[in-house]
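This report walks a new reader through selected parts of one protein chain, looking at its helices, its helix pairs and a few single residues.

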Amino acid sequence: MPQLRPALFAVALTVTLATPAQAATGPVITIENGRTQPVFSYADAVREHVYVESTVDSDADGRLDRVRVDIIRPKESGPGLKVPVIIDESPYYDNSGRGNEGERKVYDAAGNVTKFPLYYDNFFVPRGYAVLNVDMLGTTKSDGCPDIGGKADVLGGKAVIDWLNGRAPAFRADGSPAVADWTTGKAAMIGKSYDGTLANAVAATGVQGLETIVPISAISSWYKYQRSNGVIYNYDYASWLANYIDTDPEAKCQAVRDRMDAEDGDDTGDYNAFWAERDYISGLLGDVSKVRASVFVAHTSNDLNVKPDNFSTWWQALAKRNVPRKIWVGQYQHVDPFDFEGRRDLWVDTLHRWFDHWLHGVRNGIMSEPRADVQVGPTQWIRQHDWPAPFAAKLQLRPAADGSLGLKPAGRGETASFADVRMSESGMIADVGTPNPGRVAFTTGPLPVSLRLSGTPTADLRVKLDQPTANLTALLVDFGDATRVDWRRGQGITTIAEEDCHGESTAADDACYRKVVTNVANRPAEIVARGWIDVRNRTSLSEPAPLPVGTYGTVRWQTLPHDYTFAKGHRLALVIAGTDGTYTGETGTGANVTLDLARSSVSVPFVLGTALVDVPKDQGTFRGPERLMLPEPEPEFSFF
């Protein structure tokens, strides 16, 4: 069947949206160049709010919690012109705010929002969408208590999708019923960090009507957010975050926070029912097998807040299910792609085409384009068929007793030892050519070619302990001067005074935001991949097994993923140490760790065509500068 010309397609789309009995008056959905056009007045848009009744009573007050939903939609929308919906559900609308400029909701005397945070409303409402800013249960103007990824969080958001499709009740402030007769029922969920996490969670329930999600720097497993193979990043974090985002009196939800502390398993670091409830890949409330929505993932490989294994494992699980998907992978820290330097216009246009395709049914070819946009340098991006690079192949790098790292296994009986003590990452990689009782280090000679890592390295060690367990850290390090994204400073960006605008503005809500530039730094080293494990969790996250003292055992685990190029002439290093004092809250066990080097390696996915070759033994050990220290990352005060 031949494709419709844009003008004819616009007419065809209008016919499907307008009923014969009550045709829309005024502007109608208009498509040109594969994109909906801004034909609706933003200033005249309907601004209203409703309270959707959920199926949970998270604060145990005897009433089902109601979710506050703030709505902005074209004035023409109604039974005669139904529009799809873009939802940003968030717990941050009255505390830290949203976006790089920390925007909060602003209300008029009637309680309706006059300023919607971010640009989604300014841009998409004129193009024939409704935008909903939803207060997560337990926050802002919704009922209940925050559940930090659990049942209330998930089912509160699901209830909004159900209401849009006539399956859940909602009420206005005066108690009268509210019916969403202005929508097609097709919805998207979008947002950064906790907001994107809610999108993942609701999609994992399989709720009908959620057509697509755009999770940005989002959690797919709260265990991965706060744990790595039994190693704990932060103690009592869930209750702390619940208290931070809840602006009600502390006493209201204290019992809920106490329950979190009792159930989170901080005494062991193991995966239990608390974390299974908060797992959207294979959890108790939903899992990837139920996902109906298409997924547009955006994340960064240097995000050490919501660490990148949250996107990589989610992405791989979606791929196994053949879920329609797209991905952007940056090199910043916890940064929205709207604030990737030089990419803002492209991001907004890509998002526009994505929503037009999945919510308005526009045939604009977006699903025929390369699936992945990947940042490979401070200002360099590439497009490829998928992520990780489909043409990457894993290469085993093997440590030797002389401190070298190459392709050949060490001699039988060669070992290396260190003690599990708490060290900073800077301390772990300093003076790698000098013995250190808290770590062992192995380096290649100068690389004969540039090597691009794309994906997730795997540490595969044979270890012996003099205690039942130890924490282990594996680091892949690039030694060599280079200008890199300085994600430690300002999360990789600096906000400047100049603005650009995306959408229409009113006196109360402008569509303009300050631009950013990328922070860069020239440093002699960069930690590229990090991975942690508690040895007793080497075979199971939920059923720990101590390693018999004095007996060798295999400890295999994945580091965090990355997409990074080791430049020709640089040296690649593998550092194995104990407890990471930079990213974990744990203390070292003090155990002595012995590596069987002949049976230890790290497997790294490198792009084909850039194979690593052995270097002469006399070049195998890198003796770095007198004292090599990386600056520690800035303290994180805004966790999402």
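A residue counts as buried when its relative accessible area is under 20%. The model is predicted, and with that cut-off in mind helix 10 can be called mostly covered, since 12 of its 17 residues are buried. The buried residues of helix 10 include the aromatic-ring names Trp-347, Trp-354 and Phe-355 as well as Arg-344, Val-348, Thr-350, Leu-351, His-352, Arg-353, Asp-356, Leu-359 and His-360. Helix 10 covers residues 344–360, and at 1.5 Å a residue these 17 residues should span 24 Å, which agrees with the 23 Å that separates the C-alpha atoms at its two ends. Directly after helix 10 comes Gly-361, which has a positive phi near 75 degrees.

**Two helix pairs**

How do helix 3 and helix 4 lie relative to each other? The axes of helix 3, residues 151–164, and helix 4, residues 194–203, come within 9 Å and cross at roughly 75 degrees, and the two helices are therefore roughly perpendicular to each other. On the side of helix 3 the contact is made by Asp-153, Val-154, Gly-157, Lys-158 and Ile-161, while helix 4 contributes Tyr-194, Leu-198, Ala-201 and Val-202. Sorted by class, this contact of helix 3 with helix 4 holds six nonpolar, one polar and two charged residues.

Helix 6, residues 237–245, and helix 7, residues 254–263, pack with their axes 8 Å apart and at an angle of about 160 degrees. That angle makes helix 6 roughly antiparallel to helix 7, because angles over 145 degrees count as roughly antiparallel. The crossing of helix 6 and helix 7 is right-handed. Ala-238, Ser-239, Ala-242 and Asn-243 of helix 6 meet Arg-257, Met-260 and Asp-261 of helix 7 in this contact, and by class the contact of helix 6 with helix 7 has three nonpolar, two polar and two charged residues.

**Single residues and their surroundings**

The table gives the accessibility of four residues.

| Residue | Relative accessible area | Class |
|---|---|---|
| Ala-188 | 0% | buried |
| Ser-217 | 0% | buried |
| Gly-590 | 38% | partly exposed |
| Ala-60 | 66% | exposed |

Ala-188 is placed in strand 10, which runs over residues 183–192, and it is buried, with a relative accessible area of 0%. Which residues are in contact with Ala-188, once its neighbours within four places in sequence are left aside? They are Val-85, Ile-86, Ile-87, Leu-210, Thr-212, Phe-355 and Leu-359. Among these, Phe-355 and Leu-359 also appear in the list of buried residues of helix 10. The C-alpha atom of Ala-188 is separated by 9.3 Å from that of Ile-161, and the two residues are 27 residues apart along the chain. Ile-161 is one of the helix 3 residues that take part in the contact with helix 4.

Ser-217 lies in the loop between strand 11, residues 210–216, and helix 5, residues 222–226. Although Ser-217 is not a glycine, its phi is positive, at about 50 degrees. Leaving aside its neighbours within four places in sequence, Ser-217 is in contact with Lys-192, Ser-193, Ala-298, His-299, Asp-303, Val-306, His-334 and Val-335.

Ala-60 likewise has a positive phi, of about 55 degrees, although it is not a glycine. Its place is in the loop between strand 3, residues 46–53, and strand 4, residues 66–73. Is Ala-60 buried or exposed? At 66% relative accessibility, Ala-60 counts as exposed, whereas Ser-217 is buried.

Another loop, between strand 17, residues 381–384, and strand 18, residues 392–399, holds Pro-388. Pro-388 is joined to Trp-387 by a cis peptide bond, for which omega is about -5 degrees.

Gly-590 is found in the loop between strand 30, residues 571–577, and strand 31, residues 592–596. Gly-590 is in contact with Asp-420 and Gln-467, when its neighbours within four places in sequence are left aside. From C-alpha to C-alpha, Gly-590 and Thr-140 are 46 Å apart in space, and in sequence they are 450 residues apart.

Definitions and conventions. Residues are numbered from 1 along each chain as its sequence is written. This is a predicted model: local features need pLDDT of at least 70, side-chain atom pairs count only at pLDDT 80 or more; totals for chains, interfaces and linings use all residues. Side-chain values use heavy atoms; hydrogens and water are left out. Helices (H or I, at least four residues) and strands (E, at least two) are DSSP runs, numbered from the N terminus. The expected span of a helix is 1.5 Å times one less than its number of residues. Buried means under 20% relative accessible area, exposed over 50%, partly exposed in between (1.4 Å probe, protein chains only). Axes are lines fitted to C-alpha atoms, for helices over the stretch in contact, and angles run from 0 to 180 degrees between N-to-C directions. Angles under 35 degrees count as roughly parallel, over 145 as roughly antiparallel, 65 to 115 as roughly perpendicular and the rest as oblique. A crossing is left-handed if the near helix is turned anticlockwise from the far one by less than a right angle, and right-handed if clockwise. Contact means heavy atoms within 4.5 Å. Ala, Val, Leu, Ile, Met, Phe, Trp, Tyr, Cys and Pro count as nonpolar, Asp, Glu, Lys and Arg as charged, and the others, Gly among them, as polar.
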